[in-house]
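Visitor: I am new to this structure and would love a close look at one part of it. Could you take me through the loop that follows one of the strands, and the salt bridges that go with it?

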Amino acid sequence: MKIDVICTGGTIGSSLSNGYIKNSSENNQKLLSNISDVDFNIIEPYNILSENLSAKHINLLVKTIKNSLNFDCDGIIVTHGTDTLQYSAVAVQLLIGNIDKAVVFVSANYPLDDVRSNGYANLQGALDYIKSGNKGVVISYKNSDSKKTDIFIPTTVLSHNEMLDNIVSVPNNVKIPTYDIELCSNPQILVIDCHPADFYDYDLSKYRSILIKPYHSGTLNVENEYFKVFCNNANLRNIPIYVSGCRENDLYITSSEFSSLGIQVLIDISFPTAYMKLWIENSLK
């Protein structure tokens, strides 16, 4: 079996040095060293800690995966950092579309030398997925409270919570069109987190779309007068306002105000998926 391994850095390709976790290309071979029944072809388009991810990295990753798909390999594994794992995986799912091979994202919660690391388990999950003849873009990940490594569809995965390393997904897999484009370097998306005393004093001339991360119940402070003025100014500028993380059922009464404020609700779509969808759409303009 032949598998292309596209190494991009991240914790899975890092080690502890002088008190800091640091990425190094030397760690790529370590991950694969105990696997003897697979012919690996290691490709390293870039090597970064994934918090430094940008459009140029995602575009290069998509190009590298497309090149591998054109050659004689049985599947592709992408090693990636957990901080932006969801964004890259969603981007690949939306920018490549339906494929006849498996592209599996593999990461680690700790460097491979750490006994707490799930890196090897995530790799084994990816190998099992490919060997079983499965197809499509997925994430292989073993949560700390799970006895097995699970396979996740990128567009269903939520952002990692602070201080926690488990992956959580939503039950629905919303169908989103795929696009054959390159991402622009600056999608001009204003992302807003919700807090009790938000002032909403933003220069909207710099943005093309607005994405709001609501409270966990999918709620916003619709009684905030500053928020009402903010929404009105965005509507006057024809800047679309979206809110992600909302469920179709069990909505609170405050959500009934969304429409009058010009807010479009993205039902059952994770924040990384909503963000990447807007990034792609703004790259088309």
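Guide: Here is a short walk through that loop, followed by some salt bridges. Please keep in mind that this is a predicted model.

Let us begin with threonine 156, which sits in the loop between strand E8 (150-152) and strand E9 (189-193). Threonine 156 counts as buried because its relative accessibility is 6%, and the cut-off for buried is under 20%. Its side chain reaches the backbone oxygen of isoleucine 153 at a distance of 2.7 Å.

Farther along, aspartate 180 pairs with lysine 66 in a salt bridge, where the closest N and O atoms are 2.9 Å apart. Lysine 66 belongs to helix H2 (residues 55-69), while aspartate 180 is in the loop between E8 and E9, so this pair ties together parts that lie 114 residues apart in sequence. Aspartate 180 is exposed, with a relative accessible area of 64%, whereas lysine 66, at 30%, counts as partly exposed.

At the end of the loop we come to strand E9. There, the side chain of aspartate 193 meets that of lysine 213 in a salt bridge (3.9 Å, N to O). Lysine 213 lies in strand E10 (residues 209-213) and aspartate 193 in strand E9, so the two tie together parts 20 residues apart in sequence. Aspartate 193 is partly exposed at 38% relative accessible area, and lysine 213 is partly exposed at 27%.

To set these pairs in context, the structure holds 9 salt bridges. Among them is also the one between arginine 116 and aspartate 114, at 2.7 Å from N to O.

Terms used. Residues are numbered from 1 along each chain as its sequence is written. This is a predicted model: local features need pLDDT of at least 70, side-chain atom pairs count only at pLDDT 80 or more; totals for chains, interfaces and linings use all residues. Side-chain values use heavy atoms; hydrogens and water are left out. Helices (H or I, at least four residues) and strands (E, at least two) are DSSP runs, numbered from the N terminus. Buried means under 20% relative accessible area, exposed over 50%, partly exposed in between (1.4 Å probe, protein chains only). A polar contact is a pair of N or O atoms within 3.5 Å; within protein, one must be able to donate a hydrogen and the other to accept it, and residues adjacent in sequence count only if both atoms are side-chain atoms. A salt bridge is a side-chain nitrogen of Lys or Arg within 4 Å of a carboxyl oxygen of Asp or Glu.
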